[in-house]
Amino acid sequence: MNYQIELRHFHYFLAVAEELHFRKAAEKLFISQPGLSTQIKQMEEILQTQLFIRDKKKVQLTQAGQFLKGEVEFVLNHLEQTKRQMRLIGQGHLGEVRIGFLGSAMQNVVPNLLLELKHKFPRIHTSLEELSNRAQINAILHDRLDLGFVRLARVPGGLEIKPVFEDTFSLVLPEDHPLDSTNFKGMKQVSEDDFILFSQDYSPLYYDTVISICEDAGFQPKVSHKSVHAQTIFKLVENKLGIAIVPTALQDGFQMKVKFIELGSLKQRAVLSMVWKSDNRNPALKNCKDLLLKM
């Protein structure tokens, strides 16, 4: 009997590929386990390729299955976004731009972009999601985001990156710390303090840059705590659990008992870049990129 691949096959395959368990995948899909097994077997027959290695103990993806999983994730994400774009266009919008961002981008770049879009392209709809550098890159590669704001020096092939904002760094100290802008002479003065940093996994470039700031002053920082949120870092500093170095723009919008010393004389800068997929066909994305380059 001749079968054809249908959209349901991809949904069934992805459920099994994610769960690696036929019963759990069947429950997730609200179908019977034998029915799911039949559909997967049918799919393998159509493709003339084994997708899963099955035994009594576990289910594993074959190499072909691993490849198909990535492609199916992209296709289904793209189809879902196409349907969403069509609904928005049908309602009179110019489409949607899905934006990922680091928390520091919300201090100036992202709000300014949203205001400019609202003023010049009021019919473009936007959605926002705060994510780490790595999560943004993964989402853009898999067509779950159109535009990201990251602190990275390089990106994988197929992506474009362009700096949009350069900031100085600032030292963050408890309010009653003996150092302030009048008596601060250099980073060597805080070489014995504990440091609180953004997690290396969250932003490797930021982490390495802060380490280089300390190394240039002749010491290795003692890192006592790490976080992915500026508010958490400031709260730890406020409670005298360490000091921090952050992009200067982050000092706005937080009311805590901390003080900032701008490190403007240092060569290091906090560079925020926009990143997007080279072959992204969303026409609304171009409007966003053009506005960012003019800001």
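**Exercise 1.** Classify Lys 83 by its relative accessibility, then find its salt-bridge partner and where the two residues lie.

*Solution.* Start with exposure: Lys 83 has 45% relative accessibility and counts as partly exposed (buried is under 20% relative accessible area, exposed over 50%, partly exposed in between, with a 1.4 Å probe and protein chains only). This is a predicted model, where local features need pLDDT of at least 70, side-chain atom pairs count only at pLDDT 80 or more, and totals for chains, interfaces and linings use all residues. Residues are numbered from 1 along each chain as its sequence is written, and side-chain values use heavy atoms, without hydrogens and water.

Next, the partner is Glu 80, with the closest N and O atoms 3.4 Å apart; a salt bridge needs a side-chain nitrogen of Lys or Arg within 4 Å of a carboxyl oxygen of Asp or Glu. Glu 80 is partly exposed at 44%. Finally, both residues sit in helix α4 (residues 63-90), 3 residues apart, about one turn of the helix (helices are DSSP runs of H or I, at least four residues; strands are E, at least two; both are numbered from the N terminus).

**Exercise 2.** Which parts of the chain does the salt bridge between Arg 54 and Glu 44 tie together?

*Solution.* First, take the distance: 3.0 Å, N to O. Then place the residues: Arg 54 is in strand β1 (residues 52-54) and Glu 44 in helix α3 (residues 33-47), so the pair joins parts 10 residues apart in sequence. Last, check exposure: Arg 54 is partly exposed at 37%, whereas Glu 44 is buried at 11%.
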